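I opened the model today to look up charge pairs, the nonpolar core and a few single residues. My notes follow in the order I checked things.

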Amino acid sequence: LAALLVDEGTLLLRKLLERELNRMNPPSLRQQLQNHRNYLCGLRPRYFNADQRNTLYPHPSRGGVPDSPHGFDISLLELLLKELCRNAPHRGPRDRLRRYRNN
């Protein structure tokens, strides 16, 4: 049951993020990540860990900043919704999803 919730939840969060990105100016994940790089990388490691940082900002030899949220895990999608989107559907405590996912 938990795997189903995480899988479907990941798909749902990806769709929400894509919808919110289309409303932004410019409507590009890559551009939004570049514009918010200092802010995101300044978050405490507890909220934005090294693996997530490497996913969003890989070495240029590995393709550079992604322009699609496909392949992002549910924690990273939640973080991006909360930090990049003003109208995120859920802006509650950060640890809620992480605690549920890790139990």
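I fixed the term before counting: a salt bridge is a side-chain nitrogen of Lys or Arg within 4 Å of a carboxyl oxygen of Asp or Glu. I also kept in mind that this is a predicted model.

**Entry 1: salt bridges**

How many salt bridges does the structure hold? I found three.

I began with Arg19 and Glu20. Their side chains meet in a salt bridge, at 3.5 Å from N to O. I looked up exposure for each partner. Arg19 is partly exposed, with a relative accessible area of 39%. Glu20 is buried, at 7%.

Glu20 also forms a salt bridge with Arg23. I read 3.3 Å between the closest N and O atoms there. Glu20 and Arg23 are three residues apart in helix 1, so about one helical turn separates them. Arg23 counts as exposed, at 57% relative accessibility.

Then I turned to helix 5. Glu78 forms a salt bridge with Lys82, and the closest N and O atoms are 3.4 Å apart. What is the spacing of Glu78 and Lys82 along helix 5? They are four residues apart, which means a separation of about one helical turn. I noted the general rule beside this: an α-helix has 3.6 residues a turn, so residues three or four places apart point the same way. Are Glu78 and Lys82 buried or exposed? Both are buried.

I checked for shared partners last. Arg19, Glu20 and Arg23 are joined into one network by salt bridges that share partners.

**Entry 2: the core**

I moved on to the largest nonpolar core, which has 23 residues. Which of its members touch the most others? I listed Leu33, Leu40, Phe48, Leu56 and Leu80. Helix 1 (2–23), helix 2 (29–35) and helix 5 (74–84) each supply at least two residues of this core. Helix 5 gives the most, with seven residues.

I followed Leu40 outward. Not counting residues up to four places away in sequence, Leu40 touches Leu33, Phe48, Leu56, Tyr57, Leu79, Leu80, Glu83 and Leu84.

**Entry 3: helix 5 and Glu83**

I asked how many residues of helix 5 are buried. The count is eleven of the eleven, so helix 5 is largely enclosed by the rest of the structure. The buried residues include Ser75, Glu78, Lys82 and Glu83.

I picked out Glu83, which is found in helix 5 and is among the residues Leu40 touches. Why does Glu83 count as buried? Its relative accessible area is 14%, and buried means under 20%. I then looked for a polar partner. The side chain of Glu83 makes a polar contact with the side chain of Tyr39, at 2.4 Å.

**Entry 4: Thr55**

My last lookup was Thr55, placed in helix 4 (residues 50–56). Thr55 is partly exposed, with a relative accessible area of 34%. Which residues is Thr55 in contact with, leaving aside neighbours within four places in sequence? I found Pro66, Phe72 and Leu76.

I checked the C-alpha separation for one of these. Thr55 and Leu76 are 21 residues apart along the chain, and their C-alpha atoms are separated by 9.2 Å. I also logged a polar reach from Thr55: its side chain comes to the backbone oxygen of Asp51 at 2.9 Å.

Technical notes
Residues are numbered from 1 along each chain as its sequence is written. This is a predicted model: local features need pLDDT of at least 70, side-chain atom pairs count only at pLDDT 80 or more; totals for chains, interfaces and linings use all residues. Side-chain values use heavy atoms; hydrogens and water are left out. A nonpolar core is a set of buried Ala, Val, Leu, Ile, Met, Phe, Trp, Tyr and Cys residues joined through side-chain atoms within 4.5 Å. Buried means under 20% relative accessible area, exposed over 50%, partly exposed in between (1.4 Å probe, protein chains only). Contact means heavy atoms within 4.5 Å. A polar contact is a pair of N or O atoms within 3.5 Å; within protein, one must be able to donate a hydrogen and the other to accept it, and residues adjacent in sequence count only if both atoms are side-chain atoms.
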